[in-house]
Amino acid sequence: MLDLLILNISYVALRLFVASPFIYFLKRYINYYLAVLIFSQISFLYDAVFFYNYFDVPNIDIFNVLYTNIIRTVRVIAAWSLISWLNKYFNWNISVIIGSEITFLFDYYIFKYFS
């Protein structure tokens, strides 16, 4: 259980200290959702390493990885839409933390059941 807590902390920290500034910076120059799409592919690689190791997946099937990536990309767009909506009521960083905690649960189950 402690390993899951550490995973959660690193997950939220990535969103807060890497994804958030990346998207916040890019949205000045490109569409917000295009910035989210670009970062979703980068973060999928990061999350795959952590979750595939956490669940100790012995053989990684490329079709399952692509399927998981598609599902997760849709989830990422929905998550950053939630963060954008939360940003109307909270500051940017609080919105990212709340959105990250909510979506951590979704990612946990996506990787657990679709990989």
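Student: Which residues does T103 touch, not counting residues up to four places away in sequence?
Tutor: This is a predicted model. T103 has its place in helix α4. Leaving out residues up to four places away in sequence, T103 touches Y11, R75 and A79.

Student: Is T103 buried or exposed?
Tutor: Buried means under 20% relative accessible area. T103 has 5% relative accessibility, so T103 counts as buried.

Student: Which backbone oxygens does the side chain of T103 approach?
Tutor: Take the two polar contacts in turn. A polar atom of the T103 side chain lies 3.2 Å from the backbone oxygen of S100. The T103 side chain also reaches, at 2.9 Å, the backbone oxygen of G99.

Student: R75 is among the residues T103 touches. What else does R75 touch, not counting residues up to four places away in sequence?
Tutor: R75 lies in helix α3, residues 62-86. Its contacts include T103 and Y11. The others are F106, D107 and I110.

Student: Is R75 buried or exposed?
Tutor: The cut-off for buried is under 20% relative accessible area. R75 stands at 11% relative accessibility, so R75 counts as buried.

Student: Which other residues of α3 are buried?
Tutor: R75 and A79 are both on the buried list for α3. So is W80, together with V65, T68, N69, R72 and T73. The list is completed by V76, I83 and L86.

Student: What does W80 touch, not counting residues up to four places away in sequence?
Tutor: W80 lies in helix α3. With a relative accessible area of 6%, W80 is buried. Its contacts are A19, S20, I23, Y32, V36, W92 and V96.

Student: How far apart are the C-alpha atoms of W80 and E101?
Tutor: Along the chain, W80 and E101 are 21 residues apart. In space, their C-alpha atoms are separated by 12 Å.

Student: Why does the end-to-end distance of α3 agree with its number of residues?
Tutor: Helix α3 has 25 residues. At 1.5 Å a residue, α3 should therefore span 36 Å. Its end C-alpha atoms agree with that, being apart by 35 Å.

Student: How far apart are the end C-alpha atoms of helix α2?
Tutor: Helix α2 runs over residues 32-54, which is 23 residues. The span expected at 1.5 Å a residue is 33 Å. The end C-alpha atoms agree with it, at 31 Å.

Student: Which residue caps the N-terminal end of α2?
Tutor: Look for a side-chain oxygen by the backbone nitrogen of Y33. One lies 2.7 Å from that nitrogen. The cap is N31.

Student: Which residue just after α2 takes a positive phi?
Tutor: Go to the residue just after the helix. Phi there is about 50 degrees, and the residue is D56.

Student: Which residues of α2 are buried?
Tutor: Y32 and V36, both contacts of W80, are on the list. A35, F39, S40, S43 and F44 are buried as well. The rest are D47, A48, F51 and Y52.

Student: Which residues does S40 contact, leaving aside neighbours within four places in sequence?
Tutor: S40 is found in helix α2. Its relative accessible area is 1%, so S40 is buried. The contacts are R72, T73 and V76.

Student: How far apart in space are S40 and V74, C-alpha to C-alpha?
Tutor: In sequence, S40 and V74 are 34 residues apart. The C-alpha to C-alpha distance is 9.2 Å.

Student: Is L45 buried or exposed?
Tutor: L45 is found in helix α2. Exposed means over 50% relative accessible area. L45 has 59%, so L45 is exposed.

Student: Which helix gives the most to the nonpolar surface patch?
Tutor: The patch covers about 750 Å². W85, Y89, F90, I94, I97, I98, I102 and F106 make it. With 5 residues, the helix that gives the most is α4, residues 92-114.

Student: What relative accessible area does F106 have?
Tutor: F106 is found in helix α4. F106 belongs to the nonpolar patch, and R75 touches F106. F106 is partly exposed, with a relative accessible area of 49%.

Student: What relative accessibility does I102 have?
Tutor: I102 is found in helix α4. I102 is also one of the patch residues. I102 counts as partly exposed, at 36%.

Notes
Residues are numbered from 1 along each chain as its sequence is written. This is a predicted model: local features need pLDDT of at least 70, side-chain atom pairs count only at pLDDT 80 or more; totals for chains, interfaces and linings use all residues. Side-chain values use heavy atoms; hydrogens and water are left out. Patches are made of residues with over 30% relative accessible area and no salt bridge: like charges are joined within 9 Å, nonpolar side chains (Val, Leu, Ile, Met, Phe, Trp, Tyr) within 5 Å. Accessible areas come from the Shrake-Rupley method with a 1.4 Å probe; for residues, only the protein chains shown count as cover. A salt bridge is a side-chain nitrogen of Lys or Arg within 4 Å of a carboxyl oxygen of Asp or Glu. Helices (H or I, at least four residues) and strands (E, at least two) are DSSP runs, numbered from the N terminus. Buried means under 20% relative accessible area, exposed over 50%, partly exposed in between (1.4 Å probe, protein chains only). The expected span of a helix is 1.5 Å times one less than its number of residues. A polar contact is a pair of N or O atoms within 3.5 Å; within protein, one must be able to donate a hydrogen and the other to accept it, and residues adjacent in sequence count only if both atoms are side-chain atoms. Contact means heavy atoms within 4.5 Å.
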